[in-house]
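Reader: I'm in my first year and still learning to read protein models. Could you take me slowly through one part of this one?

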Amino acid sequence: MLTVASDIEVLARFGRALADPIRCRVLLALREAPAYPAELADTLGISRTRLSNHLACLRDCGLAVAVPDGRRTRYELADVRLAHALDDLRTAVLAVETDRTCVDADAQGCC
């Protein structure tokens, strides 16, 4: 059964989904058009197994849905408004400090 998540939960789910570059690439691909896992794996240059794990995360976060299509399953954004949200996030101007604030920024590849 689907439930409506609170504002904080929605933001936390977005954060979890966007925390991984591959999931970001999947979301941007789905922003363009629904796709089948094999196509997504080929487009992104990753294994189907690895993609499957990321698609499961995106489903768990509520950002993507699996739509049965005959014997296949197609993936798409859970809500068309997510495409606009991704565009807004992608084009937002970030205020990034010139010094790194994370203690392990070099090891983690962040900041």
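Reader: Let me pick one residue as a way in: in which helix is the place of His54? Please look closely at that part, and then show me how the rest fits around it.

Author: Sure! Keep in mind that this is a predicted model. His54 has its place in helix α4, so let's start with the residue and work outwards, since a relative accessible area of 10% makes His54 buried. Leaving out residues up to four places away in sequence, His54 touches Asp20, Ile22 and Arg23. Hold on to Ile22 and Arg23, because we'll meet them again in another helix.

Now for helix α4 itself, which covers residues 48–61. You can check its length with a quick bit of arithmetic: at 1.5 Å a residue, its 14 residues should span 20 Å, and its end C-alpha atoms are 20 Å apart, so the two agree. His54 has buried company here: the buried residues of α4 are Leu51, His54, Leu55, Cys57, Leu58 and Cys61. They cover an arc of only 155° around the axis, so they sit on the same side of α4. Here's the handy rule behind that pattern: an α-helix has 3.6 residues a turn, so residues three or four places apart point the same way. The other side of α4 has exposed residues, namely Arg48, Thr49, Asn53 and Asp60.

What does the buried side lean on? The buried residues of α4 pack against α1 (7–18), α2 (21–32), α3 (37–44), β1 (64–69) and β2 (72–77). Just after α4 comes Gly62, and its phi is positive, near 85°.

You may have spotted two cysteines in that buried set. Cys61 is buried, since its relative accessible area is 5%. Its sulfur has the sulfur of Cys57 as the closest cysteine sulfur, but at 4.1 Å that is too far for a bond. Over the whole structure, the count of disulfides comes to zero. There's a cysteine outside α4 to look at as well: Cys24 is partly exposed, because its relative accessibility is 23%.

Next, on to α2, where Ile22 and Arg23 turn up again. The buried residues of α2 are Ile22, Arg23, Val26, Leu27 and Leu30. They cover an arc of only 140° around the axis, which puts them on the same side of α2. So the two contacts of His54 that I asked you to remember, Ile22 and Arg23, belong to the buried set of α2. On the face turned away from that buried side, α2 carries the exposed residues Pro21 and Glu32. Among the elements covering the buried residues of α2 are α1, α3, α4, β1, β2 and α5 (81–91). The length check works here too: the 12 residues of α2 should span 16 Å at 1.5 Å a residue, and its end C-alpha atoms are 17 Å apart, which agrees.

Let's step back to the whole chain. It has six helices and two strands, and from the N terminus on they run α-α-α-α-β-β-α-α. Of its 111 residues, 24% count as buried. If you take the contacts with a separation of 6 or more, residues 24 or more positions apart account for 50% of them. The chain exposes about 8000 Å², with carbon and sulfur atoms supplying 54% of that area.

Last stop: the charged side chains. Side chains of opposite charge can pair when their charged atoms come close. The structure holds six salt bridges. Arg74 takes part in two of the pairings I'd show you: one with Asp69, where the closest N and O atoms are 3.7 Å apart, and one with Glu76, where they are 3.4 Å apart. Arg74 is partly exposed, since its relative accessible area is 22%. Its partners count as partly exposed too, Asp69 at 32% and Glu76 at 24%. Asp79 and Arg81 form another salt bridge, with the closest N and O atoms 2.7 Å apart. In that pair Asp79 is partly exposed at 26%, whereas Arg81 is exposed at 61%. Finally, salt bridges that share partners join Arg31, Glu32, Asp87 and Arg90 into one network. Glu32 is a familiar name by now: it's one of the exposed residues on the face of α2 turned away from the buried side.

Technical notes: Residues numbered from 1 in each chain as written. Predicted model: local features only at pLDDT ≥ 70, side-chain atom pairs only at ≥ 80, totals over all residues. Heavy atoms only, no water. Salt bridge = Lys/Arg side-chain N within 4 Å of Asp/Glu carboxyl O. Buried < 20%, exposed > 50% of the residue type's maximum accessible area, 1.4 Å probe, protein only. Helix = DSSP H or I, 4+ residues; strand = E, 2+ residues; numbered from the N terminus. Contact = heavy atoms within 4.5 Å. Areas by Shrake-Rupley, 256 points an atom, 1.4 Å probe, with all protein chains shown as cover. Expected span 1.5 Å × (residues − 1). Arc of directions from axis to C-beta. Disulfide = S-S within 2.5 Å.
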